[in-house]
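Here's a walk through one chain, written for someone who'd rather look at side chains than at statistics. Keep the viewer open while you read.

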Amino acid sequence: MDYYLIGFDRVPILAYAHTFKTSKYQWFLPRRKGFMQITFVEQGDVVKTYQDGSAKYFKAPCYMLNMHDRDVTLSGDGYQSHYTAGFFLDYEIISVSQRKPFAPVCETHHEPGARLHMVLPEYIEINRHNENLKDAFFKLIKSYEVPTPWRDAKCAAIIMKIMAKTSALNMKGGDSNKEPSAARYYKKAVEYIGNHINGRITVDEIAAGVGISPGYLSRLFKQVSQRTIVAYINGMKIDRIRELMETEGYNLREAGEKMGITDENYLSRMFKKYTGLSVREFKALKRYI
């Protein structure tokens, strides 16, 4: 999970605020300079997938922040219910950290040109200590729906309150902003696979090493990475086999044995499936590169 240290010297201008409910959720958020989105996910877990194929899994109920600093797709299976607001803010991302920064950043704000700084978490797990965040989102949406002369100012104040609240929760630490459990298990599974890729690996062994059931591991791995855990293992093995053939001069059988695969016919089929080339085609291609 990421934490954003941002600086800004203007109030946010709300572009939209609404409640969204659907039985199948998928939404593309393009990169958009000077724009942010905050969301209270009431029901329905969310997968955030980036252009490079990496993904993060967020378990509902939760608070989510999208910085619009890169293209991202949000998706979820099953019923989805959330409150969301998008707004313009002339901000600067000063730094991004995957470890929680506890030290607050301060400036002397009576000086001309001084900026307000906040450390904003990408995700907060909702519990009894912070469930009033939902009330703030509900109030924001209701305020946006009433076209009064002071609507923009009122909405800006509520947005600032939500941002200040999430920043304060980040500084306090504790379980309220811990990394989503599914993401932690996914990372542990990937680490286990990487450490044991040279041998035969089963889903049961990985699940035991991570500390969860094989069924739950298979489901969360597919949700986070958009592919099965078996496909991930096979793809990694083929990458290593191809590397051994390219750099060490191994033939297919020898490289397969290094990765714990002794059936050469099965290995040939798997090589074609994951590379799109037969072993003969691969060798011929390498001669011309």
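Before anything else, one term: two residues are in contact when heavy atoms of theirs lie within 4.5 Å. By that rule, and not counting residues up to four places away in sequence, Ile 13 touches Phe 87 and Phe 88. Bear in mind as you go that this is a predicted model.

**The chain as a whole**

The chain has nine helices and twelve strands. Of its 289 residues, 44% count as buried. If you take the contacts with a separation of 6 or more, 75% of them come from residues 24 or more positions apart. The exposed area of the chain is about 15,600 Å², and carbon and sulfur atoms supply 50% of that.

**Three residues to click on**

Here's how three residues score for relative accessible area.

| Residue | Relative accessible area | Class |
|---|---|---|
| His 68 | 7% | buried |
| Tyr 185 | 24% | partly exposed |
| Ile 13 | 43% | partly exposed |

Let's begin with Ile 13, which sits in strand S2 (residues 13–22). How far apart are the C-alpha atoms of Ile 13 and Phe 87? They're separated by 5.4 Å, although the two residues are 74 residues apart along the chain. Ile 13 counts as partly exposed because its relative accessible area is 43%, and the partly exposed class runs between 20% and 50%.

Next up is Tyr 185, found in helix H3 (residues 181–195). Leaving out residues up to four places away in sequence, Tyr 185 touches Val 210, Ile 212, Tyr 216 and Leu 220. Measure C-alpha to C-alpha in your viewer, and Tyr 185 and Phe 221 should come out 8.7 Å apart, with their positions 36 residues apart in sequence.

**Around His 68**

His 68 lies in the loop between strand S7 (62–66) and strand S8 (72–76). Why does His 68 count as buried? Its relative accessible area is 7%, and buried means under 20%. Setting aside neighbours within four places in sequence, His 68 is in contact with Leu 29, Pro 30, Arg 31, Arg 32, Phe 35, Met 36 and Gln 37. Pro 30 also offers a polar partner: its backbone oxygen lies 2.9 Å from a polar atom of the His 68 side chain. Check the backbone here too, since phi of His 68 is near 60°, a positive value in a residue other than glycine.

On the other side of S7, Pro 61 is found in the loop between strand S6 (55–58) and S7. The peptide bond from Ala 60 to Pro 61 is cis, with omega near -5°.

**Two crossing helices**

Two packed helices are described by the angle between their axes and the distance between the axes. For helix H6 (residues 229–247) and helix H8 (residues 264–275), the axes come within 10 Å and cross at roughly 100°. That angle makes H6 roughly perpendicular to H8. The residues of this contact divide into ten nonpolar, three polar and one charged. On the H6 side they include Val 230, Ile 238, Ile 241, Arg 242 and Met 245, while H8 brings, among others, Leu 267, Met 270, Phe 271 and Tyr 274.

How values were computed
Residues numbered from 1 in each chain as written. Predicted model: local features only at pLDDT ≥ 70, side-chain atom pairs only at ≥ 80, totals over all residues. Heavy atoms only, no water. Helix = DSSP H or I, 4+ residues; strand = E, 2+ residues; numbered from the N terminus. Buried < 20%, exposed > 50% of the residue type's maximum accessible area, 1.4 Å probe, protein only. Areas by Shrake-Rupley, 256 points an atom, 1.4 Å probe, with all protein chains shown as cover. Polar contact = N/O pair within 3.5 Å; in protein donor to acceptor, adjacent residues only side chain to side chain. Axes fitted to C-alpha atoms, helices over the stretch in contact; angles between N-to-C directions. Parallel < 35°, antiparallel > 145°, perpendicular 65-115°, else oblique. Nonpolar A, V, L, I, M, F, W, Y, C, P; charged D, E, K, R; others polar.
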